[in-house]
Amino acid sequence: MRFREYEPQKDRKAAHRIWMEIGWLEKGKEEIHDLFVGAGRALVADIEGEPECMVTTVPGTMRYLQSDLLISVVTSVTTSRVARKRGLAKRLAARAIAVDAAGGALVSGLSMFEQGFYDLLGFGTGVYEHQVSFDPALLNVDVRPRLPRRLTLDDWAMIHASRLARHRGHGACNLTPPELTRAEMQWTANGFGLGYCDGPNGELTHHFWCHVKDVEHGPYQISWMAYQTPEQFLELMGLLKSLGDQVWLVKMQEPHGIQLQSLLSQPFKRDQVSRDSKFESGIRASAYWQMRICNLPGCLEHTHLMGPTVRFNLRLSDPIERFLDDDAPWHGVAGEYVVTLGPESGARRGQDDTLPTLTASVGAFTRLWLGVCPATGLAITDDLRGPHELLEELDRVLCLPTPGPDWGF
Ligand SMILES: CC(C)(COP(=O)(O)OP(=O)(O)OC[C@H]1O[C@@H](n2cnc3c(N)ncnc32)[C@H](O)[C@@H]1OP(=O)(O)O)[C@@H](O)C(=O)NCCC(=O)NCCS
């Protein structure tokens, strides 16, 4: 068994086979797969000279309050039918994370297929995301949208730039390679976009990209929405409303910082009368993304909190270690640190006997640091322990906006 970089010429057929075996690739879409894989780094594990496991990662940034941190996002982990349950996926994913962490990524992120698997690599689960399904005709939006610009698959570069320039809140991620947006636009059926080019040089300032199986009545699934100002957001919602004479249901992820239910008329009645239909309205919550810190001092250097400063010893465990070979370029973040959290934060290796001690896994500490859950809550359900006074102080100091990547990965 050998881990190595993916070589497109040599490996693409085997990579297609893996993806076809897991049901992620149909015949005729191989070039989209190549685009997706080519957008970032790909590692493969060989068995008898053929890749049977592949992991892809993509570089980007993650916003922490006002700062942007380098992130590496694991965009796929795949093992062929013949090579399951040999530890390939965990070891190759650990390797990919190690390579990117050694290259400067301070954080790693991903979407999980199920709870528990990536916890083994030190990931901690994010907040609930809300998928809102609604009848666009029932939107309470007064804005009369201007005539939008039609966006097509050919507009991928402009669309990607618009995504990168969008309003971003705490936790929002930008995945840097434009090819990724191009591939995402091509994956889905009947994709189309609508938007407005209000930038000083005609840049696309706000838009949504949508895909739909039944074009006539929907449901229409918004793949993403990008805007820079509240007015632009409302104009896009007005645009969705303008489709409401024909489109019976729109599904979209709730933007962080906005409660979409406030824009819907009679949501409870609508949820009840549409129950069990193809056009069922409602709000579904699920916590599917995960993150982990890959460089503690690096992350804390960018952490500027409001309010008082707290100092403590941190005894950090990192389960990723056991999946990394000795020659890996990085071996996780386990160790003893003295941590400061406040307007200026930091972490240095060592211990200070005058300070209280927090003991945590890297996944639990990442959740605490991001503001997914308060310390007192994590101490009940996750791997995080400390004196009660310290936990309560952390609750006060780490009072953060709800974090969210706002980028489907
Ligand atoms: C998920 C997938 C990559 C795992 O590949 P794999 O090479 O078999 O994985 P590994 O051998 O490293 O790990 C499997 C182990 O993890 C365990 N595991 C699986 N799901 C788990 C979970 N939710 N929590 C904890 N452990 C879990 C398995 O029981 C197995 O343990 P065992 O070997 O002790 O029996 C593979 O099933 C696959 O390609 N699935 C389809 C694509 C997919 O969903 N990828 C993940 C995208 S986020």
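**Exercise 1. Describe the hairpin of β2 and β3, and find the residue in it with a positive phi.**

Solution. In this hairpin two residues lie between the strands, and E48 takes a positive phi near 50°. Helices (H or I, at least four residues) and strands (E, at least two) are DSSP runs, numbered from the N terminus. The model is predicted: local features need pLDDT of at least 70, side-chain atom pairs count only at pLDDT 80 or more, and totals for chains, interfaces and linings use all residues. Residues are numbered from 1 along each chain as its sequence is written.

Next, take the pairing, for which DSSP must find at least two bridges between two strands. Strand β2 (residues 41–47) runs antiparallel to β3, joined by seven bridges. Within this pair, V44 stands opposite M54 in β3.

**Exercise 2. Follow strand β3 to its other partners, and state why it is described as largely enclosed.**

Solution. Step one: β3 and β4 are antiparallel, with twelve bridges. Y64 has S67 in β4 as its bridge partner. The hairpin of β3 and β4 also has two residues between the strands, and here L65 takes the positive phi, near 50°.

Step two: β3 pairs with strand β9 (residues 173–175) over three bridges, again in the antiparallel sense. M62 stands opposite C173 in β9.

Step three: a residue is buried if 20 or more other C-beta atoms lie within 10 Å of its own, exposed if 12 or fewer, and partly exposed in between, with C-beta atoms placed from the backbone. Strand β3 (residues 50–64) has twelve of its 15 residues buried, so it is largely enclosed by the rest of the structure.

**Exercise 3. Characterise the shell around the ligand: which residues come nearest?**

Solution. A residue is near a molecule or strand if its C-beta atom, placed from the backbone, lies within 6 Å of it. There are 19 residues around the ligand, and T79, A89, K90, F113 and G116 come nearest. Both β4 (67–79) and α3 (88–102) supply at least two residues of the shell. By class, the shell holds eight nonpolar, six polar and five charged residues. Here Ala, Val, Leu, Ile, Met, Phe, Trp, Tyr, Cys and Pro count as nonpolar, Asp, Glu, Lys and Arg as charged, and the others, Gly among them, as polar.

**Exercise 4. Give the strand order of the open five-stranded sheet, and place helices on it.**

Solution. The order is β18-β17-β16-β19-β20, with mixed pairing. The edges are β18 (346–349) and β20 (384–385), each pairing on one side only. Strand β17 (residues 335–341) is antiparallel to β18 over four bridges, and V338 stands opposite R348 in β18.

Contact requires C-beta atoms, placed from the backbone, within 7 Å. Helix α9 (residues 362–370) packs on the sheet, touching β16 (310–317), β19 (357–361) and β20, and its direction makes about 110° with that of β19. Helix α11 (residues 388–397) lies across β16, β17 and β19, at about 105° to β16. Axes are lines fitted to C-alpha atoms, for helices over the stretch in contact, and angles run from 0 to 180 degrees between N-to-C directions.

**Exercise 5. Locate the largest nonpolar core and examine F365 in it.**

Solution. A nonpolar core is a set of buried Ala, Val, Leu, Ile, Met, Phe, Trp, Tyr and Cys residues joined through C-beta atoms within 7 Å. The largest has 79 residues, and those with the most contacts inside it are L92, A93, I97, V107, I293 and F365. Helix α3 gives the largest share, nine residues. Not counting residues up to four places away in sequence, F365 touches I293, L316, A360 and L384. A second, separate core of 30 residues includes L139, C210, W224 and V247.

Notes
Two residues are in contact if their C-beta atoms, placed from the backbone, lie within 7 Å.
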